[in-house]
Amino acid sequence: QLSGKPTSGKSDIYSFGVVVYELLTGRRPFIASDSGSLMTKHLRELPDPPTRHRPDIPSWAEAAVLKALAKDPQSRWETASQFAQALAGAAETRPTAVASSTSRLADGYQMGELIGRGRLGSYIHKGTHRATGHQVAIRVIRRGQDADWEAARTRFMREARMAPVNHPAILRVRDYGEEKDLVYVVTDFVPGSSLRQVIDRKGPFSWSDGRTLMLDLISAARTLHAHGLLAFGLTPSIIRLTEAERQR
């Protein structure tokens, strides 16, 4: 409806998903200071998992709501009845995202190929949010990768719990968690290459292109500092460039 395309009953399912999200969490899935920004969030951004705000929400109910809020109408529930049955806990209509396992990460996300290394010795995988089909980046530290596991785990989770910061050059944390032998953070996935890869492949940037990127990075750092946060371990390897930026 927001994009001007023909509507169907799945538009109502999305709206119902928004209502149920607020009913369960006490907050709306998207908040913005103006209508234009709010429309953009509904069209492009993923909502925080409801359990981020209410950990007691059943995992199958969370998956049902997120399926209703899928950006692609074809990924939503076919009918309102199916959505209602899933919310009521009917096993035959629960999203396949909800497996009988003890891993919240595995239940919520399909882990894909390794795409890089991150801070604190973490590994970054391309992934898919099972309920919505959206691509994400999953950053993981496993026990045994670091000699001082407890220190790495504590720092990693402290970073993960940082308040969301709204800036176009800062990846938003979508989800995070801790399991028996690993900790993880889920962010938006940015197709492209790291700044390190681009420099190694193409050499230094021209002044005009380098200046644009430097100003973006400094603006992002300034925003973090305004929120009392730090860009821990900033290196070219953890800075990702979009396809358009990479082609400059």
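## Reading a predicted fold, step by step

User: By about what are D200 and R196 separated in helix α7?

Analyst: By about one helical turn, because D200 and R196 are four residues apart in helix α7 (residues 195–202). Helices here are DSSP runs of H or I with at least four residues, strands are runs of E with at least two, and both are numbered from the N terminus.

User: Before we go on, what sort of model is this?

Analyst: It is a predicted model, where local features need pLDDT of at least 70 and side-chain atom pairs count only at pLDDT 80 or more, while totals for chains, interfaces and linings use all residues. Residues are numbered from 1 along each chain as its sequence is written, and side-chain values use heavy atoms, leaving out hydrogens and water.

User: Back to the helix, then. What do the side chains of D200 and R196 form?

Analyst: They form a salt bridge, with the closest N and O atoms 3.8 Å apart. The term stands for a side-chain nitrogen of Lys or Arg within 4 Å of a carboxyl oxygen of Asp or Glu. By this rule there are eight salt bridges.

User: Are D200 and R196 buried or exposed?

Analyst: Relative accessible area tells us: under 20% is buried, over 50% is exposed, and partly exposed is in between (1.4 Å probe, protein chains only). D200 has 56%, so D200 counts as exposed, whereas R196, at 34%, counts as partly exposed.

User: Which residues are joined into one network by salt bridges that share partners?

Analyst: K41, E45, R174 and D188. Within it, E45 and R174 meet at 3.7 Å, N to O. This pair links distant parts of the chain, 129 residues apart: E45 sits in the loop between α2 and α3, and R174 in strand β4 (residues 173–179). E45 is buried at 18% relative accessible area, and R174 is buried at 4%.

User: With which residue does K10 form a salt bridge?

Analyst: With E78, and their closest N and O atoms are 3.2 Å apart. K10 belongs to helix α1 and E78 to the loop between α3 and α4 (80–88), so the pair ties together parts that are 68 residues apart in sequence. K10 is buried too, at 8% relative accessibility.

User: How do I find a nonpolar core?

Analyst: Look for buried Ala, Val, Leu, Ile, Met, Phe, Trp, Tyr and Cys residues joined through side-chain atoms within 4.5 Å. The largest core here has nine residues: L46, L105, Y109, V136, I138, V140, L182, Y184 and V186. The elements that give two or more residues to this core are β3 (135–142) and β5 (182–188). There is also a second, separate core of eight residues, including I141, W149, M157 and V183.

User: Which residues does L105 touch?

Analyst: Leaving aside residues up to four places away in sequence, L105 touches M111, I138, E179, L182 and Y184. A contact means heavy atoms within 4.5 Å.

User: How many bridges join β3 to β5?

Analyst: Seven, and β3 and β5 run antiparallel. Two strands pair if DSSP finds at least two bridges between them. V136, for example, has D188 in β5 as its bridge partner. On β2 (residues 123–129), the pairing with β3 is antiparallel over six bridges, and T128 stands opposite Q135 in β3. β2 and β3 form a hairpin with five residues between them, and G133 in the turn has a positive phi of about 80°.

User: Is β3 largely enclosed or open?

Analyst: Six of its eight residues are buried, so β3 is largely enclosed by the rest of the structure.

User: What does a nonpolar patch on the surface look like here?

Analyst: A nonpolar patch joins Val, Leu, Ile, Met, Phe, Trp or Tyr side chains within 5 Å, using residues with over 30% relative accessible area and no salt bridge; for like charges the joining distance is 9 Å. Here L2, M39 and L43 form one, with about 250 Å² of accessible area together, by the Shrake-Rupley method with a 1.4 Å probe, where only the protein chains shown count as cover for residues. L2 lies in the segment before α1 (9–25) and counts as partly exposed at 43% relative accessibility.

User: And the chain overall?

Analyst: It has nine helices and seven strands, and buried residues make up 40% of its 248 residues.
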